[in-house]
Structures are given as structure tokens and as C-alpha cells.
Amino acid sequence: MHIHNTMSVGYVRNSLSPQFIPPGTPAWKTEHGVEFNTLLDPLPMLLIQPVIQYYANVGARAQRAVVFGFRTKVEF
């Protein structure tokens, strides 16, 4: 197994337009997300990409979340 020369960092900002918030409801907080991943090649036909994501203000509330996962790809 070796690490490819591919690493990625991403950022996303998500907010809700005030026109979709019911009257009298407080404004929603902007949701922020950051992702880091790298590409691994454990077998000649298999690629694995582990991912770590961090979110702040999840669901427009003052909550945080960390997500771990991976993507796989089989090449023929």
C-alpha cells in the first residue's frame, strides 16, 4: 500500500434565506463544514479514500459533528 500524491481539503458554507423562515422565528445560524481526505492504493485494482468531516452549527443550531467515512473504487 502506498499513499498517492492526492490530498484534498474542502469547505462548505450553508445558510437558509430569510424568506423561507416563518415570521417570528429567529434567524438560523450559518452551517459550516470542513473535509479532509487522502487517496490510498492498497491493491492494484482498489482505491480507498478515507474522509474526515467536521461540521459547526449543524442544522442551524449550536451543535457540532464529526463524521468519519471512506469511499472505495474498483478499477478494471
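1. A quick word on terms to start: a residue is called buried under 20% relative accessible area, exposed over 50%, and partly exposed in between, using a 1.4 Å probe and protein chains only. By that yardstick, buried residues make up 21% of the 76 residues in the chain.

2. Please keep in mind that this is a predicted model, in which local features need pLDDT of at least 70 and side-chain atom pairs count only at pLDDT 80 or more, while totals for chains, interfaces and linings use all residues. Residues are numbered from 1 along each chain as its sequence is written, and side-chain values use heavy atoms, with hydrogens and water left out.

3. On to the fold. The chain has four strands and zero helices, so you will read β-β-β-β when you walk along from the N terminus. Both kinds of element are DSSP runs numbered from the N terminus, with at least four residues (H or I) for a helix and at least two (E) for a strand.

4. How spread out is the chain? Its radius of gyration is 18 Å, well over the 11 Å that the globule rule gives for 76 residues, so the chain is more spread out than a compact globule. The radius is taken over C-alpha atoms, and the rule is 2.2 Å times the number of residues to the power 0.38. Along the principal axes, the C-alpha atoms fill a box of roughly 60 × 20 × 15 Å.

5. Now for contacts, meaning heavy atoms within 4.5 Å. Of the contacts with a separation of 6 or more, 42% are between residues 24 or more positions apart.

6. The surface comes next. About 5900 Å² of the chain is exposed, and carbon and sulfur atoms supply 62% of that area. The areas come from the Shrake-Rupley method with a 1.4 Å probe.

7. Which salt bridges turn up? A search of the whole structure finds two, each being a side-chain nitrogen of Lys or Arg within 4 Å of a carboxyl oxygen of Asp or Glu. One joins the side chains of R71 and E35 at 3.5 Å, N to O. This pair links distant parts of the chain, with R71 in strand 4 (residues 64-74) and E35 in strand 2 (residues 31-43), 36 residues apart. E35 is buried, at 18% relative accessible area, whereas R71 is partly exposed, at 38%.

8. The other salt bridge brings together the side chains of K73 and E75, at 3.7 Å, N to O. K73 is partly exposed at 46% relative accessibility, and E75 is also partly exposed, at 35%.
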